[in-house]
Amino acid sequence: MKYLKIIGKHKLSGEVKISGAKNAALPLLASTILAKNELVIGNMPDVVDTNTLLKLLEKLGATYKRDKNTVTLNTLSINKTKATYDIVKTMRASILVLGPLLARFGHCEVSLPGGCAIGQRPVDLHLKALESMGAVIEIKNGYIEAKAPNGLKGAKIVFDKVTVGGTENILMAAALAHGKTQIINAAKEPEIVQLCEVLKDAGLDIKGIGTSEITIIGTNQELLEFKTFEVIPDRIEAGTYLCLGAITNTKLKLTNVRPDHLDAVVSKLEEMNFTLESTKDTLTIMPTNEIKAVNIITSEYPGFPTDMQAQFMALATQANGTSTIDERLFENRYMHVSELVRLGAEIHLNGNIASITGVPGKLSATDVMATDLRASSALVLAALVAEGETNIHRIYHLDRGYEDLEGKLKLLGAKVSRHQE
Ligand code: EPZ
């Protein structure tokens, strides 16, 4: 296994180019199962998770070519409909092939994703919604076996909870269904908006994009003609680099970013006394003379993203005063707390509320363990301001979602290197 060695407290400065969004790329790749043509996707982040989904599509019979950040993909040749455990166990987002496979072939088997480091993460809402569309679903030997031999039927789906993956799966299922599907209480994340727009450009009749009520008129199992498109910039990667500027109190400019997707994050940074400047596709954070404490509640978009919670916790260790974070989406997304404490942070947990008393300039290096993707990035941030040499173990989590993290950090002047255990 590999680990990252970071020597803290080096001066950083410069610009960082934000990559394509992993969480947009994954459903977009799954949606290509609905395509009748070969298609090209640009700005595809070269991270483990997107490569895993490409491998899954290949196992199903698709062919693809990747040239850095451009992927040319042909899914018409898909002739298998089983997403096997060996792939799904490495990436839960594999569940996103369930909707499109079922819609196109009328049957499929997808390994049931197991537990996860951040919570139970059930997929009951995906399954219930597909059942409302006429699917017959059984769980057998750890697999979701779904059948709809005469195709899925449009239905009114009311999600009990806002679910990103559930909304995506139903959007893709509804695309080829017979008749009209209404999704009520749909997720509104920018990644959902892009999925809707790509499907619309591919000829799908879809209304209510970006709202909590989306209406789709299915194509009666006719495949869609996809256009070439580029994956939107990664708002969580961007937010992580904004936290890097903030925690090191350096001027840092992000390019290839969508500032309008980061309102909640920018607003919390402003509350912490930072000034930010934006253009259409750049965002610059300025240093401040005092980092102030902040209170954060995670929620669905456009609220503060759970995927930024760990990074803000690292940042709060450098604030004056006590910050609080209330994690409302996942029941176990605090695995980074004990690791940050090992670096000298003062954090107290009470259920889903974390109180972080700032210890500005006082973190000290040690060995820490990465537990999930965003928790790992929080450890990187903390290590960059800790006195001494921090080793972050199990960094394969970082490789799942941050493109060329070390390269980007080194360009900014960080002392970071990768080693074999
Ligand atoms: C997506 O996960 C993201 N993953 C996650 O990013 C992100 O944290 C999450 O949305 C919330 O924003 C991808 O886009 C690939 P949900 P997803 O369904 O779709 C519960 C990262 O670090 N729920 O919106 O799995 C669920 O347990 C990751 O990049 C059910 O109860 O999230 C959670 O409490 C990690 N039943 C809440 O809903 C269901 O059937 C929201 O989950 C589905 C979800």
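Colleague: How do the residues lining the second largest pocket divide into nonpolar, polar and charged?

Modeller: This is a predicted model. In it, the lining divides into 6 nonpolar, 7 polar and 3 charged residues. The lining has 16 residues. Nearest the pocket centre lie I247, T248, N249, Q318 and V385. Val and Ile count as nonpolar, so I247 and V385 fall in that class. T248, N249 and Q318 count as polar, because their residue types are on neither the nonpolar nor the charged list.

Colleague: How much space lies in the second largest pocket?

Modeller: About 230 Å³. It is called a pocket and not a cavity because a pocket is an open set of points, whereas from a cavity the probe cannot get out.

Colleague: How many cavities of 30 Å³ or more does the count come to?

Modeller: The count comes to 1. The largest cavity has a volume of about 50 Å³. That value is set against the cut-off of 30 Å³.

Colleague: What makes up the lining of the largest cavity?

Modeller: T240, Y241, L244, S377, V380, L381, L405 and L409 line the largest cavity. The elements giving two or more residues are α8, α12 and α14 (405-411). The lining divides into 6 nonpolar, 2 polar and no charged residues. Tyr counts as nonpolar, so Y241 goes with the Leu and Val residues, and T240 and S377 are the polar ones.

Colleague: What does α8 pack on?

Modeller: Helix α8 (residues 235-247) packs on a sheet and touches β2, β15 (252-255), β16 and β17. The sheet is open, with 4 strands in the order β2-β15-β17-β16 and mixed pairing. The direction of α8 makes about 170 degrees with that of β15. Angles run from 0 to 180 degrees between N-to-C directions, so 170 degrees means that the two run in nearly opposite directions.

Colleague: Why are β2 and β16 called edge strands?

Modeller: β2 (14-17) and β16 (275-278) each pair on one side only. For β16, that includes 4 bridges to strand β17 (residues 282-286), run antiparallel. Two strands pair if there are at least two bridges, so 4 is enough. One of these contacts sets E277 against T284 as its bridge partner in β17.

Colleague: What is the order of the other open sheet of 4 strands, the one with β22?

Modeller: The order is β22-β23-β1-β24, with mixed pairing. The edges are β22 (367-369) and β24 (415-420). Neighbouring strands are turned by 25 degrees against each other on average, direction ignored. Strand β1 (residues 2-7) pairs with β24 over 6 bridges, antiparallel. L4 has R418 as its bridge partner in β24.

Colleague: What makes β9 count as mostly covered?

Modeller: In strand β9 (residues 143-147), 4 of the 5 residues are buried. Buried means under 20% relative accessible area. β9 also has antiparallel partners: β7 (residues 107-111) joins it through 5 bridges, and β8 (residues 136-140) pairs with it over 5 bridges. I144 stands opposite V110 and opposite I139. β8 and β9 form a hairpin with 2 residues between them, and N141 in the turn has a positive phi of about 50 degrees.

Colleague: Why is K9 called partly exposed?

Modeller: K9 has a relative accessible area of 41%, so it falls between the 20% limit for buried and the 50% limit for exposed. K9 lies in the loop between β1 and β2. Its phi is near 65 degrees, a positive value in a residue other than glycine.

Colleague: Is R394 buried, exposed or partly exposed, and how do you know?

Modeller: The relative accessible area of R394 is 34%, so R394 is partly exposed by the 20% and 50% limits. R394 lies in the loop between β23 (389-393) and α13 (396-399). Its phi is positive too, about 60 degrees, although R394 is not a glycine. Why remark on such cases? Most residues other than glycine have a negative phi, and most peptide bonds are trans.

Colleague: Which residues does a cis peptide bond join?

Modeller: Y301 and P302, with omega about 10 degrees. P302 is in the loop between β18 (295-297) and α10.

Colleague: Which residues of α11 are buried?

Modeller: In helix α11 (residues 335-342), the buried residues are H336, V337, E339 and L340. They pack against α10 (309-316), β20 (346-350), β22 and α12 (373-385). An α-helix has 3.6 residues a turn, so residues three or four places apart point the same way. Just after α11, G344 takes a positive phi of about 105 degrees.

Definitions and conventions: Residues numbered from 1 in each chain as written. Predicted model: local features only at pLDDT ≥ 70, side-chain atom pairs only at ≥ 80, totals over all residues. Heavy atoms only, no water. Buried < 20%, exposed > 50% of the residue type's maximum accessible area, 1.4 Å probe, protein only. 1 Å grid on protein atoms, 1.4 Å probe; cavity = no way out; pocket = protein on both sides within 12 Å on 5 of 7 lines; lining within 4 Å. Points joined across faces, edges and corners; volume = space filled by probe spheres on them. Contact = heavy atoms within 4.5 Å.
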